[in-house]
Amino acid sequence: MISLLCTLFRLSRPKIIDLVHQAARFFQPHGILCLIEPLSTRPNYYLRSYSTAMEIVRTAPSNNLKIMLDSFHLQRLHGNLTERVQVKRSALNRSSSLSV
């Protein structure tokens, strides 16, 4: 999983996306799937929405970059879980849920 916490580096949006794409291209020949996941609405966290994640996946030059669906974070960030899963289905690869 690639964590996009970018406080220390102050990277631009295009640079962040390029680095994620580079990581996916690097791992593709090895059959490794790269997952990104929006986790937080904190200002220092770049990946704060599934829409942003969808755009990163959509523009990826390789097909091994997907979004990890975590129902807790999806509901927390956007609400309306069922509709969001239907809309994002093509870019999703894995899902996780946690019982606490």
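**Entry: helix α1**

I started with α1, residues 13-27, in this predicted model. The helix has 15 residues, and from first C-alpha to last I get 22 Å, close to the 21 Å expected at 1.5 Å a residue.

Next I asked which residues of α1 are buried. The list reads Ile16, Ile17, Val20, His21 and Ala24. These cover an arc of only 130 degrees around the axis, which puts them on the same side of α1.

Then I checked what covers that side. The cover of the buried residues includes β1 (34-36), α2 (50-58) and β2 (65-70). On the face turned away from the buried side I found the exposed residues Pro14 and Phe26.

**Entry: the phenylalanines at the end of α1**

Phe26 caught my eye, so I looked up its accessibility: phenylalanine 26 has a relative accessible area of 54%, and because the cut-off for exposed is over 50%, it counts as exposed. Its neighbour phenylalanine 27 comes in at 30% and counts as partly exposed.

How many aromatic pairs are there? The count is one. The pair is phenylalanine 26 with phenylalanine 27: ring centres sit 5.1 Å apart and the planes are at 80 degrees, so I logged it as edge-to-face.

**Entry: whole chain**

I stepped back for the overall layout. I count four helices and three strands, and from the N terminus on they run α-β-α-β-α-α-β.

The chain has 100 residues, of which 36% count as buried. The accessible surface comes to about 6,400 Å², with 54% of it belonging to carbon and sulfur atoms.

I also looked at how far apart in sequence the contacting residues are. Among contacts with a separation of 6 or more, 64% are between residues 24 or more positions apart.

**Entry: leucine 33, β1 and β2**

Where does leucine 33 sit? I found it in the loop between α1 and β1. Its relative accessibility is 32%, so I put leucine 33 down as partly exposed.

Along the chain, leucine 33 and leucine 65 are 32 residues apart, yet I get 6.2 Å between their C-alpha atoms. Leucine 65 turned up again when I went through the bridges: in β2, leucine 65 is the bridge partner of cysteine 34.

Do β1 and β2 run parallel or antiparallel? They run parallel, and three bridges join them.

I then checked how well covered β2 is. Five of its six residues are buried, so I noted β2 as largely enclosed by the rest of the structure. This strand is also part of what covers the buried residues of α1.

**Entry: helix α2**

Last stop was α2, which I had already met in the cover of the α1 buried residues. Its own buried residues are Tyr50, Ala53, Ile56 and Val57. Looking down the axis of α2, I see these fall within an arc of 115 degrees, so they line one face of the helix.

I picked threonine 52 in α2 for a closer look. What does threonine 52 touch, not counting residues up to four places away in sequence? The answer is Arg13, Tyr46 and Leu47. Arg13 takes me back to α1, since that helix spans residues 13-27.

I also noted the C-alpha distance from threonine 52 to proline 38, which is 8.4 Å for a sequence gap of 14 residues.

Terms used: Residues are numbered from 1 along each chain as its sequence is written. This is a predicted model: local features need pLDDT of at least 70, side-chain atom pairs count only at pLDDT 80 or more; totals for chains, interfaces and linings use all residues. Side-chain values use heavy atoms; hydrogens and water are left out. Helices (H or I, at least four residues) and strands (E, at least two) are DSSP runs, numbered from the N terminus. The expected span of a helix is 1.5 Å times one less than its number of residues. Buried means under 20% relative accessible area, exposed over 50%, partly exposed in between (1.4 Å probe, protein chains only). The arc is that of the directions from the helix axis to the C-beta atoms. Contact means heavy atoms within 4.5 Å. Accessible areas come from the Shrake-Rupley method with a 1.4 Å probe; for residues, only the protein chains shown count as cover. Rings of Phe, Tyr and Trp (its six-membered ring) pair if their centres lie within 6.5 Å; planes under 30 degrees apart count as stacked, over 60 as edge-to-face and the rest as tilted. Two strands pair if DSSP finds at least two bridges between them.
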